[in-house]
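Me: I have a structure and some questions about packing and surface. Please keep the answers short.

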Amino acid sequence: MKPSALLVGLLAGLASALLFAGLVTQSSGAVGLALVAPVPVMLASLGWGSASGFVAALSAFGAVAAAAGTLNAGFSVLIPVALPAAILGHIAGLARPTEGANGQPVLDWFPIRRILFAAALLAAAACVALGALIGFDRDELAPLVADALTQQGAGADIQSAQVQEIARFVVGAIPFVQPAFLLLTLVICLYVSAAIARASGRLQRPRDDLPATAILPRAALTLFALALAASFLGGAAGTVAAVLVGALALAFTLVGLAALHRRTRGRGSRTLILFTTYAAIALLSFPLLAFLVLGLFETAKPPASPASA
């Protein structure tokens with residue numbers, strides 16, 4: 001690895017640690033900065049090579065652990081942020097030489113469908129590992145959430161039993177929501193990082209046609225069905241399955257949204273359709289279910305050609 005790539009990796013890790021440090025120190029307004037913490041690591045990987053990205057991940061881990069004085073704080077940035085960012089940057093830069101249509105050698109880049117699938121699995125694995133690190137337990141967390149709701153006045157006009165029910169619902173939703181939110185963060189950060197690296201001339205990968213290539217392998221359908229069935233189990237097995245369901249559900253939803261972008265191309269009302277759709281999602285949320293179903297359909301339907309299978 002070149003010294004410049006090593007230096008970039010170290011600096012990128014420090015930048016990621018600074019962006020994430022607010023959450024460790026429980027600083028107000030730190031969530032917004034923490035959401036972009038994967039960007040420096042991804043930039044190092046996409047622009048200066050995979051080794052630089054992994055150096056950045058280790059640098060972020062070391063910086064946060066040293067600043068907080070505990071390894072657990074370092075793992076809190078390494079597991080959900082730095083390591084997934086380095087891995088995604090690595091696989092997005094993978095390519096193999098192949099023969100083009102004119103007989104000239106060309107690069108066959110790692111397909112978007114596998115990058116999205118890998119991102120979903122990474123988000124699920126990160127949430128499981130983070131839950132094990134902090135000792136996530138639904139039965140122990142629900143009373144704490146209920147007490148917090150009561151102290152904040154949320155239970156002033158409702159009975160204690162109803163507060164307990166709301167707390168159990170909130171805690172039960174965490175394994176589904178957290179991996180979906182992490183996946184969305186990783187996908188957006190990867191897109192932004194690729195755009196920055198391309199604009200600076202450091203990205204070798206050509207621009208992908210995301211609406212046409214954002215799909216999932218069919219194996220994701222089987223995995224989603226098995227995880228959905230297992231999520232009804234109790235204990236750790238049900239929680240792990242719920243985490244996988246949350247990550248894959250968001251991945252299928254992104255596929256559905258990509259299909260909307262692809263199918264509205266060339267239409268005069270495209271801007272209005274897209275604006276209305278995203279406004280409805282922002283205000284109501286439940287339209288996401290329609291795009292989840294559309295994403296499942298897009299993945300299940302026969303491929304148009306062997307190249308897109």
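Me: Leaving aside its neighbours within four places in sequence, with which residues is P80 in contact?
Reply: This is a predicted model, in which local features need pLDDT of at least 70, side-chain atom pairs count only at pLDDT 80 or more, and totals for chains, interfaces and linings use all residues. Residues are numbered from 1 along each chain as its sequence is written, and side-chain values use heavy atoms, with hydrogens and water left out. Contact means heavy atoms within 4.5 Å. By that criterion, and beyond four places in sequence, P80 is in contact with F75, A126, L130, L182 and L186.

Me: Does P80 count as buried or exposed, and why?
Reply: Buried means under 20% relative accessible area, exposed over 50%, and partly exposed in between (1.4 Å probe, protein chains only). P80 has 11% relative accessibility, so P80 counts as buried.

Me: Which helix gives the most to the largest nonpolar core?
Reply: A nonpolar core is a set of buried Ala, Val, Leu, Ile, Met, Phe, Trp, Tyr and Cys residues joined through side-chain atoms within 4.5 Å. The largest one has 66 residues, and M42 and L88 are among those with the most contacts inside it. Helices here are DSSP runs (H or I, at least four residues), numbered from the N terminus. With 13 residues, the helix that gives the most to this core is α6.

Me: Why does L184 count as partly exposed?
Reply: L184 has its place in helix α8. The class partly exposed follows because its relative accessibility is 31%.

Note on methods
Helix = DSSP H or I, 4+ residues; strand = E, 2+ residues; numbered from the N terminus.
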